[in-house]
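Here is a short report for a reader new to this structure. It follows one helix and then turns to aromatic rings.

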Amino acid sequence: MASKSEYVFTRDFLDNTRINAMHHFWTKTFGYNIHPKIPTEAANLKVADVGAGTGIWLLDLHDKLKDARLDGFDVSFDAAPPSETLPSRVTFRHWDVRDSVPEDLIGTYDIINVRFMSFVLLNDEVPGVVAKLFSLLKPGGYLQWGEAQMDTLRFDKTKPTCKTECLSGLFKLLAVQDPRLRPTWAGNLHEIFADNGFVDVEKDAKDAPPHLAFVFHDAGLIMHELIARKTNNEHMAQELKRLIPGAVEETRQGAYVTSLRFMVIGRKP
């Protein structure tokens, strides 16, 4: 949802493939696109995906909600398929969550989905974003928001002899490069929901089984390559290029990075 210049990744075919792959690993881990406590039986639902990126969440949902209106919002749709290829019920519209809510969208949606914003929003921006999403919902509408909880990050090994020095070095390097790459708000998201008027707030946390955690990690390694390409910090780029081959080898030998992942849901009264 960051602008083109602010977005820490590249919005190219590698970044798109990373996002699309992680969507499928996410739904495999959680077992749903929409949390099962969110009702979806009503006709003509209006559903929004904020920070839609490649549009993969909406496109995956299209065949599951047969008559729903599916709207994607982002500051750029460089990552999305051409509009000519989209199903008729899927539309994209430019909107930055840091901007005011368009008047014509207030009270519009039955369900809003947000995901993978922990590397986009700064800690102090999140409460205001939640408040804006609250205003987009109809009374009785639901917001669901999924993230990896980065303060639970850990390095798992398939064998005691596995090394993690380069993998660890990559994440230490990210933490000093950009405050968005060391988010602390995700673990408190359920409280931010409640503080902004949501009720029936629930947090569904999952620790992916090893086979899914490993493929999540493999897709996540692309992130470091993308940051190396995008950063204007030459020292950062060189350090990433130095560490990535070692991290790939450590992965090949059976080490991987994982964390808790969660979905928070809340209903607008």
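## Helix α1 and the aromatic rings

Ten names come up at the start: Asp15, Asn16, Arg18, Ile19, Met22, His23, Trp26, Thr27, Thr29 and Phe30 are buried in α1. Seen down the helix axis, these buried residues fall within an arc of 155°, so they line one face of α1. The other side of α1 has exposed residues, Phe13 and Lys28. The model described here is a predicted one.

What do the buried residues of α1 pack against? Their partners are helices α2 (56–62) and α6 (210–230), together with strands β4 (109–115), β5 (137–148), β7 (199–206) and β9 (261–267).

The length of α1 can be checked. The helix covers residues 13–30, which makes 18 residues. At 1.5 Å a residue, α1 should span 26 Å; its end C-alpha atoms are 26 Å apart, which agrees. Gly31 follows α1, and its phi is positive, near 85°.

**Ring pairs**

The structure holds 12 aromatic pairs. Two of them are set out below.

| Pair | Centre to centre | Angle between planes | Type |
|---|---|---|---|
| Trp26 and Phe30 | 4.6 Å | 20° | stacked |
| Phe214 and Tyr256 | 5.7 Å | 75° | edge-to-face |

Take Trp26 and Phe30. Both lie in helix α1, 4 residues apart, about one turn of the helix. Trp26 is buried, and Phe30 is buried too. Ring pairs also join Trp26 and Phe30 with Tyr32 and Phe116 in a cluster.

Now take Phe214 and Tyr256. Their planes stand at 75°, over the 60 degrees required, so the pair counts as edge-to-face. This pair links distant parts of the chain: Phe214 is in helix α6, Tyr256 is in strand β8 (residues 255–258), and 42 residues separate them.

Is each of these two rings' residues buried or partly exposed? Phe214 has 25% relative accessibility, so Phe214 counts as partly exposed. Tyr256 has a relative accessible area of 6%, under the 20% cut-off, so Tyr256 is buried.

**Charges over rings**

Which rings have a charged end sitting over them? The charged end of Lys203 sits over the ring of Phe262, 4.7 Å from its centre. The charged end of Arg261 sits over the ring of Phe216, at 3.7 Å from the ring centre.

Note on methods. Residues numbered from 1 in each chain as written. Predicted model: local features only at pLDDT ≥ 70, side-chain atom pairs only at ≥ 80, totals over all residues. Heavy atoms only, no water. Helix = DSSP H or I, 4+ residues; strand = E, 2+ residues; numbered from the N terminus. Expected span 1.5 Å × (residues − 1). Buried < 20%, exposed > 50% of the residue type's maximum accessible area, 1.4 Å probe, protein only. Arc of directions from axis to C-beta. Contact = heavy atoms within 4.5 Å. Phe/Tyr/Trp six-rings, centres within 6.5 Å; stacked < 30°, edge-to-face > 60°. Lys NZ or Arg CZ within 6 Å of the ring centre and 35° of its normal.
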